[in-house]
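Let's take a walk through this structure together, one neighbourhood at a time. Keep the 3D view open and follow along as you read.

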Amino acid sequence: MSDLRQPPEPQSAPVVDQPAVDGNDGDGQPSPVGRLAATVERLRREVRAAQAEADGRALIELAKGILVERLGCGPAQASRQLAELTAQAGVTPLEFAVEVINQASRDHVSEVTSAFLAATADPPEAHSSAVRLRTAESGALAAQDTQAVADSLLEHALTPLGAEAVAIWALGADGSLALAGSAGFSTAEAGRWRHVPPGVTTVARRGLAERTGQWIRSLSETGLPSIGQHHHSDGGRVAVPAETGGRIQGVLEIAWAAPLEPPPPPIVRQVEALAELCAHTLETYGLHHPDGAPLPRVLPDVSELMDLADGLHDPALVLVPHLDPDGHLVDFRIHHVNSRFLDPAGRPRGAVSGALLLEAYPMAAGHSELFERMERVYATGEPFRAHRMRLTALVDDVPLAAVADINVSRHGGSVLLIWRIEDETARLASLLQHAQRLGRIGGFEENLLTGEITWNGQLYHLYGRPPSDPAVRLEDLAAHAHPDDAVAIGRFLRTLLHQRRPASTAFRLQRPDGVTRHIRVVAEPVLDSAGQLYVVRGAYQDISAHHWTEVALAATRDQLAHSEQQASERNRLTLQLQHAIMPPTRAPLEVPGLDVAVRYRPAETQHLVGGDWYDAVVLPSRLVLLCVGDVAGHGIEAATSMVVLRNALRGLAVTGAGPGQLLSWLNMVAHHLTGAVTATAVCGLYDPENNTLRWARAGHLPPVLVRGSDAAPLPLVKGLLLGAVPEATYEEHEVQLAVDDTLLMYTDGLIERRDRSVEESLAQFLTVARAVPPTLDQQLDRLLTHSRSDTDDDTCIVGIRVA
């Protein structure tokens with residue numbers, strides 16, 4: 001650990017004629033006082049170096065322990081392994097030990113280090129930052145009080161950042177601040193700031209206002225009082241809340257001598273990690289009086305808080321914090337509700353008690369900011385009160401609003417929430433108002449005897465009229481509607497007013513602002529004891545969206561029917577084209593000593609019309625051209641591409657080239673077709689004179705040779721599918737056929753299945769092919785009949801049998 005020691009500072013050369021008080025006597029020799037001062041300074045440096053070495057040794061031993069657990073080895077082997085890995089990484093033992101700890105812990109410090117490595121172009125600086133944080137953490141954990149923690153933070157973590165002093169403040173239950181520890185400030189200055197009463201605004205208290213704290217460029221620019229303000233008035237200040245488990249334990253305040261420029265995010269993350277370390281320290285050691293005596297903490301039990309809630313006359317909930325695996329506050333669990341509890345959604349007490357707050361009341365995280373207020377109360381202990389806060393609950397996905405007086409307070413580790421909701425009448429009126437707004441409904445009542453008309457606010461909104469305008473009588477309804485709707489409105493009024501029966505109708509409302517809305521009106525008559533009509537009650541509903549949806553739906557249905565007709569016609573023409581070129585059967589070829597048969601089975605579903613093709617033709621050289629192919633895709637594009645490739649191969653075959661060369665030329669044709677067509681194919685040239693077949697393949701399954709009672713595919717020669725690359729070469733293979741041999745070429749539509757591999761399907765095909773019927777036509781028909789393919793794709797088969 002020699003790399004952790006600081007080298008001794010060189011002593012200054014003796015200065016002649018310096019007075020003895022400066023450490024030298026008159027003849028330039030060090031005086032006894034000077035030698036004593038130098039000794040004290042040397043011992044101080046050695047103590048600091050020893051402390052640093054001890055902290056570093058603790059980290060290295062911790063890394064060894066991690067290796068022992070991970071590798072399952074002994075301490076000696078772990079030490080050797082750590083040394084070897086350190087040498088391979090090219091870093092110091094302490095830096096590598098910190099890296100091992102970060103990878104194993106996955107805590108806040110390791111997150112900060114990872115973020116720093118990702119954001120900086122200077123990895124050594126990032127490693128140094130990690131070492132400083134871990135060293136400060138080690139020193140803090142080994143400290144016996146908060147004062148020692150402050151010393152460790154300043155020496156190991158903050159001095160490298162340019163800071164000169166640090167103060168750790170503990171937050172009391174009454175909102176006061178107590179100086180739990182400091183470093184870099186004088187003893188007298190720390191004594192004057194031992195206690196800050198509640199309500200006094202300082203830099204540390206400003207740090208409690210936001211989770212990110214306060215980053216102050218210069219203390220003098222704010223005018224805020226704080227510790228060391230006379231000696232560091234022009235320097236920057238940082239005050240970050242020390243929080244753990246959702247509760248703020250205090251504040252970490254750091255002082256710089258010079259103005260503080262906006263720090264990069266990695267530095268902010270480092271300071272937040274140090275503040276979290278302070279929070280754990282404050283939670284461990286607690287608060288102390290200015291004279292050093294511990295402050296008693298009276299923390300009520302949850303059961304006591306439940307008894308307190310049951311004694312209240314207002315609805316109350318007792319909440320306990322709900323933390324995630326990392327110890328962060330994510331929610332509150334409703335531990336208890338008192339007998340006066342009233343749920344805004346009308347649910348019973350048992351449906352709410354035991355649930356998480358945000359599950360029972362998800363809208364608490366909305367505009368009311370109730371959940372954020374509760375987090376703040378739990379974090380700082382400062383109570384929160386609000387008059388007529390709007391609470392929102394979901395009833396069948398409809399937001400129901402209620403107004404209540406809110407009181408939130410923390411009692412130990414629990415939170416007490418009290419609310420006083422307005423009466424039930426106001427709540428039901430609010431529910432009705434929301435229902436009318438969501439349904440775009442406006443209600444009315446018209447007294448036919450007095451002429452008095454009552455509209456609600458939503459109805460004025462539907463009519464586009466201000467509430468100060470007079471309401472529209474039912475008998476004048478036609479004057480505000482489209483002229484073409486006058487007949488329907490007249491029928492509605494006769495049924496309602498003369499026949500005295502409930503009625504409804506739809507019309508187009510023409511508003512004063514020029515907007516036309518589609519409205520449905522529903523009304524019912526109200527009769528007095530003598531059977532006379534005196535009141536009409538009803539509602540208007542804006543159905544414009546529904547009307548235009550029906551119009552759009554009708555247009556869509558018409559367009560869909562037209563598209564289906566076009567698609568059907570397109571498929572019919574495609575199928576006709578394919579059948580014209582590829583008939584299911586064709587007349588046999590006249591080749592001496594050879595039977596040739598072909599079969600084509602189109603897809604059962606017309607929209608799957610594809611590009612399968614076959615050809616069997618006698619060339620001028622008396623050789624027989626045999627080929628099958630499959631163009632990728634379906635529809636008219638695949639069918640037309642198939643025609644191009646089939647005709648191109650016929651034209652190329654008259655050149656006398658072999659099958660490999662033919663496929664090479666055909667590949668160039670496919671690659672330069674519009675749309676970059678790709679296809680597979682097998683091409684063969686049969687010589688009747690010596691019964692030999694030369695063939696090549698382009699990404700297609702090889703032909704199958706049936707000889708006697710055996711059936712097997714020919715060798716899988718190399719050949720890329722057509723159109724994939726501009727130029728390609730294809731390997732040829734020659735097979736000698738004997739009398740009664742049968743050769744089968746086919747497309748994958750004959751064997752492919754969705755539920756099994758190609759190898760399994762091919763094995764089934766070979767089993768069927770081994771049974772040889774008397775004629776070649778019968779054999780091809782049998783193969784089609786026993787095909788187990790379920791892809792509904794086209795199928796082509798070309799077969800030859802040597803006679």
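Tyr463 has a relative accessibility of 2%, and because buried means under 20%, Tyr463 counts as buried. Keep in mind that you are looking at a predicted model. Tyr540 is buried as well, with a relative accessible area of 2%. Both tyrosines belong to one aromatic cluster, formed by Phe444, Trp455, Tyr460, Tyr463 and Tyr540.

How are aromatic contacts like these described? A pair of rings is characterised by how far apart the centres are and by the angle between the planes. The structure holds ten aromatic pairs. One of them brings together Phe332 and Tyr378: the ring centres are 5.8 Å apart and the planes stand at 80°, so this pair is edge-to-face. Phe332 is part of strand S8 (residues 329–337) while Tyr378 is part of helix H14 (residues 370–380), so the pair ties together parts that lie 46 residues apart in sequence. Phe332 and Tyr378 are both buried.

Now come back to Tyr463 and Tyr540. Their ring centres are 5.6 Å apart with the planes at 85°, so they too make an edge-to-face pair. Since Tyr463 sits in helix H16 (residues 457–463) and Tyr540 in strand S16, the pair ties together parts 77 residues apart in sequence. Tyr378 has a further partner of another kind: the charged end of Arg247 sits over the Tyr378 ring, 5.7 Å from the ring centre.

Strand S16 leads us to a sheet. As background, the strands of a sheet pair through backbone hydrogen bonds, in either a parallel or an antiparallel manner. Here five strands make an open sheet in the order S13-S12-S16-S15-S14, with antiparallel pairing. At the edges are strand S13 (453–455) and strand S14 (503–510), each pairing on one side only. On average, neighbouring strands of this sheet are turned by 20° against each other, with direction ignored. Within the sheet, strand S12 (residues 441–447) pairs with strand S16 (residues 533–542) in the antiparallel sense over seven bridges. You can locate this pairing by finding Glu446, which stands opposite Val536 in S16. Helix H17 (residues 486–498) packs on the sheet, where it touches S14, strand S15 (516–527) and S16, and its direction makes about 140° with that of S14.

Next, look for strand S11 (residues 414–421). Is this strand mostly covered or mostly open? It is mostly covered, with seven of its eight residues buried. Strand S7 (residues 316–323) runs antiparallel to S11, and four bridges join the two. Here Leu319 stands opposite Val415 in S11.

Further along the chain there is another open sheet of five strands, this one in the order S18-S19-S20-S21-S24 with antiparallel pairing. Its edge strands are strand S18 (610–618) and strand S24 (732–736), and each pairs on one side only. Neighbouring strands in this sheet are turned by 15° against each other on average, direction ignored. Strand S19 (residues 624–634) and strand S20 (residues 679–687) are joined in the antiparallel sense over eight bridges, and Val628 stands opposite Val682 in S20.

Two helices accompany this sheet. Helix H19 (residues 636–653) lies across S18, S19 and S20, running at about 20° to S18. Helix H20 (residues 659–671) packs on the sheet and touches S20, strand S21 (692–698) and S24, with its direction at about 25° to that of S21.

Note on methods. Residues are numbered from 1 along each chain as its sequence is written. This is a predicted model: local features need pLDDT of at least 70, side-chain atom pairs count only at pLDDT 80 or more; totals for chains, interfaces and linings use all residues. Side-chain values use heavy atoms; hydrogens and water are left out. Two strands pair if DSSP finds at least two bridges between them. Axes are lines fitted to C-alpha atoms, for helices over the stretch in contact, and angles run from 0 to 180 degrees between N-to-C directions. Contact means heavy atoms within 4.5 Å. Buried means under 20% relative accessible area, exposed over 50%, partly exposed in between (1.4 Å probe, protein chains only). Rings of Phe, Tyr and Trp (its six-membered ring) pair if their centres lie within 6.5 Å; planes under 30 degrees apart count as stacked, over 60 as edge-to-face and the rest as tilted. A charge sits over a ring if NZ of Lys or CZ of Arg is within 6 Å of the ring centre and within 35 degrees of the ring normal.
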